[in-house]
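Me: I'm new to reading protein structures, and I would like a close look at one part. Could you walk me slowly through the metal site and what lies around it?

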Amino acid sequence: MKAVTWHGKRDVRVEEVPDPTIQEPTDAVVRVTTTNICGSDLHLYEPLGSFMGSGDVLGHEAMGVVEAVGSQTGDLRVGDRVSIPFQISCGHCWMCDRGLYTQCETTQVRDQGTGAALFGFSKLYGEVPGGQAEYLRVPQAQFTHIKLPEGPADDRFAYLSDILPTAWQGVEYAAVPDGGTLVVLGLGPVGDFACRIGAHKGYRVIGVDAVPERLERLRARGVEVIDLTEHEDDLGDAIRAMTDGRGPDSVVDAVGMEAHASPATTGVQKAAGLLPSALAAPLMKTAGVDRLKALHTAIDVVRRGGTVSVSGVYSGAADPMPLVTMFDKQVQLRMGQCNVKRWVDDIMPLLTDADPLGVDTFATHRVPLDQAPEMYRTFAEKADGCVKVQLKP
Ligand SMILES: NC(=O)c1ccc[n+]([C@@H]2O[C@H](COP(=O)([O-])OP(=O)(O)OC[C@H]3O[C@@H](n4cnc5c(N)ncnc54)[C@H](O)[C@@H]3O)[C@@H](O)[C@H]2O)c1
Ligand SMILES: [Zn+2]
Ligand SMILES: [Zn+2]
């Protein structure tokens, strides 16, 4: 089959790899009909590349049709239409019983000290072949699936595997009081959905980013937005000025560890994108990225006694945190990978013909799998108005 494989920093390819097969009684094989590129794939594209093996199959946002099942896959049947959550979880261990599917004790990657195994996500998470491929082997398939109704086009359900539940969890963890104010840092796919969900729940939502098209998408939906390039040094003051001098009740960090250190960075990153990767990587490191910028901003912006909810991914142990300020402001902090199936029953009623979250028009690019390499580049550089890419195997 054809699959998107990792070969080095900023080097992904579409190659022939062996077809996946049933290896355990709890396995299923899914024929993938839609599979997206995620902001999390960009961490592998750049800084976490060292945890990848050459030829590893990427991707963790797949949906499709069940092609084969093992003997212990419960009520899953060949021909079922399914979305596959990005984490592999058994559904019956101590953690799964508590809805903490990203901590599943059956699939935890103990030799790396990490939580549940993830599709297409490096040695840190079990090096399980991913879903940017024609077929996907799904371990623990008795639980690692969401059954979908027949009928609506893939767009309707394409984001259930990750970013829609991730944004939902981000907003839930933000614990916004009724009628309260939510600031969302980062308007990539996750932050964009977090804004839509916050607005749907009746909160005042303020979104922050530096990419004009991303700001415009939310402005067009009636969300207040702030252009980071206009508030390089005074974002906290600007937001306090909009919120009675106090700051918002809650902040979602939907940026993660590749934050723009300053608006100038956008230009630097665009320029770096044009260089050969051996030159671009050091330039990105020295001139471009401040790993904790967004998180520090969130802690500065949130009101005293408010909640910061971290959806963006952070890794690396050495980065210091502004603990003095966190303690003094009495900030509550919640974070983690999304427990996808925990939120599906809340989200499904919104995936109706009325489409209150705008899922049908959310993707900006829909391309054949073969075009994955150029789409990784386009998404990483935030070029061509790119917000969300669907690959069609
Ligand atoms: N917790 C989870 O389960 C989970 C799931 C999916 C994605 N993620 C993470 O969420 C993050 C966002 O992913 P995405 O798919 O939306 O991709 P993305 O990388 O396209 O979005 C990040 C956005 O943040 C903006 N940004 C950068 N620096 C900023 C700053 N200092 N202030 C405000 N905005 C800034 C960028 O311009 C960009 O639009 C990534 O870290 C990704 O790994 C987490
Ligand atoms: Zn994802
Ligand atoms: Zn489990």
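Reply: Here is a walk through the zinc site, followed by the pocket of the other ligand. Keep in mind as you look that this is a predicted model.

Start with the zinc ion, which is ligand 2. Four residues of the protein supply its donors: Cys38 through SG, His60 through NE2, Glu61 through OE and Asp162 through OD. These donors lie 1.9 to 2.3 Å from the zinc ion. Now look at how the four donor atoms are arranged around the metal. The angles they subtend run from 90 to 126°, and the arrangement is therefore tetrahedral, since a tetrahedral site needs all its angles between 85 and 135 degrees.

Next, find the donors along the chain. Their spacing is C-x21-H-E-x100-D. Cysteine 38 sits in the loop between strand S3 (28-37) and helix H1 (39-45), while aspartate 162 sits in the loop between strand S7 (146-147) and helix H3 (163-173). The pair therefore ties together parts that are 124 residues apart in sequence.

Are these two donors buried or exposed? Cysteine 38 has a relative accessible area of 3%, and aspartate 162 has a relative accessibility of 5%. Anything under 20% counts as buried, so cysteine 38 is buried and aspartate 162 is buried too.

Now move on to ligand 1. Its shell holds 30 residues, and the closest are Ser40, His43, Asp209, His260 and Cys338. Sorted by type, the shell has 13 nonpolar, twelve polar and five charged residues. Helix H1, which you met beside cysteine 38, gives three residues to this shell, the largest share.

Some polar atoms of the protein can be matched with atoms of ligand 1. In the side chain of serine 40, an N or O atom is 2.7 Å from an oxygen atom of the ligand. Valine 255 takes part through its backbone, where a polar atom is 3.1 Å from an oxygen atom of ligand 1. Glycine 336 also uses a polar backbone atom, this time 3.2 Å from a nitrogen atom of the ligand. On its own, ligand 1 has 870 Å² of accessible area, and the protein covers 97% of it. The elements that give two or more residues to the shell are H1, helix H4 (189-200) and strand S9 (204-209).

Methods. Residues numbered from 1 in each chain as written. Chains lettered and ligands numbered in written order. Predicted model: local features only at pLDDT ≥ 70, side-chain atom pairs only at ≥ 80, totals over all residues. Heavy atoms only, no water. Donors = N, O, S within 2.8 Å, 3.2 Å for Na, K, Ca; no water. Tetrahedral: all angles 85-135°; square planar, octahedral: opposite > 155°, others 65-115°. Helix = DSSP H or I, 4+ residues; strand = E, 2+ residues; numbered from the N terminus. Buried < 20%, exposed > 50% of the residue type's maximum accessible area, 1.4 Å probe, protein only. Near = heavy atom within 4 Å. Polar contact = N/O pair within 3.5 Å; in protein donor to acceptor, adjacent residues only side chain to side chain. Areas by Shrake-Rupley, 256 points an atom, 1.4 Å probe, with all protein chains shown as cover. Nonpolar A, V, L, I, M, F, W, Y, C, P; charged D, E, K, R; others polar.
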